[in-house]
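Here are some exercises to work through with the model open beside you. Try each task before you read its solution.

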Amino acid sequence: MKSLLIMALVSIPVMAAPHSAHVHGVAELDVVVDGLQVQITLESPADNLLGFERAPKSDYEKNKVKDVAAQLQVPANLFALNAQCKSAKPAVTMPTFGKGEHSDISVEYVFECSNQATQVKLPLWQLFPGFKSLTVNLATPQGQKQLKLKPGQVLDLK
Ligand SMILES: [Zn+2]
């Protein structure tokens, strides 16, 4: 039975693997290319975007939360696809700042393109210098793979 269980575990595809631990500076991107549609889900420690992870205290911090939430509503602030694409209103989940020490921000973007996107430039590196590394889980019709990107790098969708 034990060997069967191990076999079952190792056969789990990349996209179903558990998300990496909450590490400041690191964020995770799930990218799914399905025909002319590209879905991008960003999961990040709130610290990467806000610079803090507790309830905002000062007016500066309260405004920062509002500003970041507004910036995330504009897909082009983070992702620039090399195709003609429209995006639906993103689903932005800002932290509720509970009692835990850490909190996350997640955003889902869906791009509907009229031609095939093959590359995604990442203006998010400039907008949010708190990102030091991105772990990308890429799923395309050609298969799945995991990539690590450093500041300034672009994402090839192949
Ligand atoms: Zn944290």
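**Exercise 1. Write down the order of helices and strands along the chain.**

Solution. Start at the beginning of the sequence and note each element as you meet it. You should end up with α-β-β-α-α-β-β-β-β-β-α-β-β-β. Now check your tally: the chain has 4 helices and 10 strands.

**Exercise 2. Decide where this predicted model should not be read in detail.**

Solution. Begin with the chain as a whole: its mean pLDDT is 90, and 87% of the residues reach 70 or more. Next, look for a stretch with low values. Over residues 6-17, pLDDT stays under 50. For that stretch the model has 10 contacts beyond four places in sequence. The rule to apply is that predicted coordinates should not be read in detail where pLDDT is low.

**Exercise 3. Find which residues of the largest nonpolar core touch the most other members, and say which elements supply at least two residues each.**

Solution. Step one: this core has 26 residues, and those touching the most other members are Leu29, Val31, Val38, Ile40, Phe79 and Leu81. Step two: strand 1 (26-34), strand 2 (37-45), helix 2 (46-50), strand 6 (104-113) and strand 8 (133-140) each supply at least two core residues. Step three: zoom in on Ile40. Skipping residues up to four places away in sequence, Ile40 touches Leu29, Val31, Phe79 and Tyr109.

**Exercise 4. Work out which strands strand 8 pairs with, and in which sense.**

Solution. Take strand 1 to begin with. Strands 1 and 8 are parallel and share 7 bridges. To see the register, find Ala27, which sits opposite Leu134 in strand 8. Then turn to strand 9 (residues 143-149): 7 bridges join strand 9 to strand 8, and the two run antiparallel. Here Thr135 has Lys148 of strand 9 as its bridge partner. Finally, trace the link between strands 8 and 9: a hairpin of 2 residues joins them.

**Exercise 5. Give the strand order of the open sheet with 3 strands, and explain why two of its strands have a side without a neighbour.**

Solution. The order is 3-7-10, with antiparallel pairing. Strand 3 (80-81) and strand 10 (155-156) stand at the edges and each has a single partner strand, so one side of each has no neighbour in the sheet. For the contact between strand 7 (residues 119-121) and strand 10, count 2 bridges in the antiparallel sense. Across from Gln119 you'll find Asp156 in strand 10.

**Exercise 6. Is Pro45 buried or exposed? And what does Gly25 show on the same question, buried or exposed?**

Solution. Pro45 first. Pro45 lies in strand 2. Count the other C-beta atoms within 10 Å: there are 23, and 20 or more makes a residue buried, so Pro45 is buried. Apart from neighbours within four places in sequence, Pro45 is in contact with His22, His24, Glu53, His102 and Asp104. The C-alpha atoms of Pro45 and Ala21 are 9.7 Å apart, with their positions 24 residues apart along the chain.

Now Gly25, in the loop between helix 1 (2-10) and strand 1. Gly25 has 12 other C-beta atoms within 10 Å, and 12 or fewer counts as exposed, so Gly25 is exposed. Even so, Gly25 has contacts beyond four places in sequence: Asn48, Gly130, Phe131, Lys132 and Ser133. Ser133 is 108 residues away along the chain, yet its C-alpha atom is 6.3 Å from that of Gly25.

**Exercise 7. Describe helix 3, then find what Leu50 is in contact with.**

Solution. Helix 3 (residues 59-72) has 14 residues and reaches 20 Å from first C-alpha to last, close to the 20 Å expected. The helix is hardly covered: the count of buried residues in helix 3 is 1. Next, go to Leu50 in helix 2. Leu50 is buried, with 23 other C-beta atoms within 10 Å. Neighbours within four places aside, Leu50 is in contact with Lys64, Val65 and Val68. As a last check, the C-alpha atoms of Leu50 and Asp67 are 9.4 Å apart, while the two residues are 17 apart in sequence.

Methods: Residues numbered from 1 in each chain as written. Predicted model: local features only at pLDDT ≥ 70, side-chain atom pairs only at ≥ 80, totals over all residues. Core = buried A, V, L, I, M, F, W, Y, C linked by C-beta atoms within 7 Å. Contact = placed C-beta atoms within 7 Å. Expected span 1.5 Å × (residues − 1). Pairing = 2+ DSSP bridges. pLDDT = per-residue confidence, 0-100.
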